[in-house]
Amino acid sequence: MKIADVVVESFHSTSRTASDEHGHGHPAPEHPSTQSLLKIVTDDGATGYCLGGGRREVMAQVVKPMILGEDPFYRERIWQHLNEAQRIRRDTLTDRAIAAVDMALWDLAGRALNQPVYKLLGAYRDKVPAYASTMCGDDMPGGLSTPEEYAEFAVACKKRGYTAFKLHTWQPPMPGAPDPKRDVAACRAVREAVGDDMVLMLDPYHYYNREQSLYIGRELEKLNYYWMEESMDEHSMSSYVWLTEQLQSLHIVGPETAEGKMWARAEWIVSHASDVSRGGTGDVGGLTPLMKTIHLCESHGVRLEVHGGGPGNLTALCAMGIPGEYFERGLLHPFIDYELIPPYLNALIDPMDDQGNVHISQQPGLGWDFNWDYIRDNTITPKE
Ligand code: LLH
Ligand code: MG
């Protein structure tokens, strides 16, 4: 079996979110959008997919020449090859691009072997508790514009079955952001509204200084919060060593966005820069390095909380024998019906029961159940 083609197809769809000028997502009126689908095809017709997977030019001009003719089951060799090439091609061959290729290869393996990927990796569980992960704060009345609105939304999420809730609070360009006191006020309002039996976490503005982070952390300890992530620029690892030392019951979780794949996570572990490690498929360059990171954490007796949703992250969670306690479900907002199935899928990839557990798909591959009729009818180019 040899890789015969690598192609990114695009199709028309609709979206109910839009990014602000800093890139944070917020609700928006439904509008046309474009989706991309990376396809890796073999000479005998086996295919693997990654939804949202990479830019067409990068896949066609950089990745395809590198992996054409390779056995798609040589994921490790392909990953090492792409990772080495990234040193020179950092502008195009990003961690997310490498991740898309790796995910499509895992999806291909699952489809070819007729197994869900978490079982190929060595399954540990079939469902994972989810936390409700909010969008960043906004200035939309009735949305996430005040501490009280966060509190109302947390109560609604608890009613839906979530046992845990994570606030993303206000970040620039939102008026008044960043503001540590307003962040704490939102955290306090949520704790008071949901009571003591809901697990709560915070992901605030990512560029607070040490004193601001410590202030927020100490207030969260009083409110019995479980963890806080990325309150400072993660390039300053020593700031995280300092913060982690100062706080007792509140767990510092990271790094999330710091570059460096599993190597950066190893440095954070040996430096005691966080209590719990973090990473998602998009942050570390795919499912292959995410599993390496998980096993690295396991051998150090450190937990890892998986960043982000999607089938690769759910797959990792269902194949890891250490906590990973939660699947990050979202990003959620009072104005958005997250349970609505996108038109290009037949089912959500992360269906959640009334007890707040997300169940992993038993379909072969990573779990995308594509609505091929919709995709075919809306394909932009190339037309099949
Ligand atoms: O800043 C944002 O929009 C969110 O924090 C986003 O990056 C989210 O993926 C995150 O950090 N989750 O934990
Ligand atoms: Mg985060």
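# Reading a predicted model, feature by feature

Colleague: Ser238 has 46% relative accessibility. Which class is that: buried, exposed or partly exposed?

Modeller: Ser238 counts as partly exposed because 46% falls between the cut-offs, with buried under 20% and exposed over 50%. Keep in mind that this is a predicted model.

Colleague: Where does Ser238 sit?

Modeller: In helix H8. Compare sequence and space too. Ser238 and Trp268 are 30 residues apart in sequence. Their C-alpha atoms are 9.4 Å apart.

Colleague: How do Ala104 and Leu68 read on the accessibility scale?

Modeller: Take Ala104 to begin with. It lies in helix H3, residues 95-113. Its relative accessibility is 0%, so it counts as buried. Leu68 is in the loop between helix H1 (56-67) and helix H2 (75-86). Leu68 is partly exposed, with a relative accessible area of 41%.

Colleague: What separations go with those two residues?

Modeller: Ala104 and His24 are 80 residues apart in sequence, with 26 Å between their C-alpha atoms. For Leu68 and Met232 the gap along the chain is 164 residues. Their C-alpha atoms are separated by 41 Å.

Colleague: Now the metal. Which protein atoms are the donors of the magnesium ion (ligand 2)?

Modeller: Start with the residues, then the atoms. Asp203 gives an OD donor, Glu229 an OE donor, and Glu256 is listed twice, each time through OE. These protein donors lie 2.1 to 2.8 Å from the ion.

Colleague: How are the donor residues spaced in sequence?

Modeller: The pattern is D-x25-E-x26-E. Asp203 is in strand E6 (residues 199-203) and Glu229 in strand E7 (residues 227-229). The two are 26 residues apart, and the pair links distant parts of the chain.

Colleague: What is the geometry of the site of the magnesium ion (ligand 2)?

Modeller: Irregular. There are 6 donor atoms, and the angles among them run from 50 to 166°. Six donors count as octahedral only if opposite donors are over 155 degrees apart and all others between 65 and 115. The 50° angle lies outside those ranges, so the site is classed as irregular.

Colleague: Are Asp203 and Glu229 buried or exposed?

Modeller: Both are buried. Glu229 has 1% relative accessibility. The Glu229 side chain also makes a polar contact with the side chain of Trp227, at 2.8 Å.

Colleague: Which residues surround ligand 1?

Modeller: Read the shell as a list, then sort it. His24, Cys136, Lys166, His168, Gln171, Asp203, His206, Glu229, Glu256, Arg278, His307 and Glu328 surround ligand 1. Asp203, Glu229 and Glu256 also appear among the donors of the magnesium ion (ligand 2).

Colleague: How do the shell residues divide by type?

Modeller: Into 1 nonpolar, 5 polar and 6 charged.

Colleague: What are the short polar distances from ligand 1 to side chains?

Modeller: Three are worth checking on screen. A nitrogen atom of ligand 1 is 3.1 Å from an N or O atom in the His168 side chain. An oxygen atom of ligand 1 is 2.9 Å from an N or O atom in the Asp203 side chain. His307 has a polar side-chain atom 2.8 Å from an oxygen atom of ligand 1.

Colleague: How much of the accessible area of ligand 1 does the protein cover?

Modeller: On its own, ligand 1 has 330 Å² of accessible area, and the protein covers 82% of that.

Colleague: Next, the backbone. Which peptide bonds are cis?

Modeller: The general idea comes before the cases. Most peptide bonds are trans. Here, the bond joining Ala177 and Pro178 is cis, with omega about 0°. The bond from Gly254 to Pro255 is also cis, with omega near 5°.

Colleague: Where do Pro178 and Pro255 lie?

Modeller: Pro178 is in the loop between strand E5 (164-168) and helix H6 (180-194). Pro255 is in the loop between strand E8 (251-253) and helix H9 (261-270).

Colleague: What about phi at Glu230 and His272?

Modeller: Most residues other than glycine have a negative phi. Glu230 is not a glycine, yet its phi is positive, about 45°. His272, also not a glycine, has a positive phi of about 55°.

Colleague: Which loops hold them, and are they buried or exposed?

Modeller: Glu230 lies in the loop between E7 and helix H8 (237-246). At 5% relative accessibility, Glu230 counts as buried. His272 lies in the loop between H9 and strand E9 (277-279). His272 is exposed, with a relative accessible area of 58%.

How values were computed:
Residues numbered from 1 in each chain as written. Chains lettered and ligands numbered in written order. Predicted model: local features only at pLDDT ≥ 70, side-chain atom pairs only at ≥ 80, totals over all residues. Heavy atoms only, no water. Donors = N, O, S within 2.8 Å, 3.2 Å for Na, K, Ca; no water. Tetrahedral: all angles 85-135°; square planar, octahedral: opposite > 155°, others 65-115°. Helix = DSSP H or I, 4+ residues; strand = E, 2+ residues; numbered from the N terminus. Buried < 20%, exposed > 50% of the residue type's maximum accessible area, 1.4 Å probe, protein only. Near = heavy atom within 4 Å. Polar contact = N/O pair within 3.5 Å; in protein donor to acceptor, adjacent residues only side chain to side chain. Areas by Shrake-Rupley, 256 points an atom, 1.4 Å probe, with all protein chains shown as cover. Nonpolar A, V, L, I, M, F, W, Y, C, P; charged D, E, K, R; others polar.
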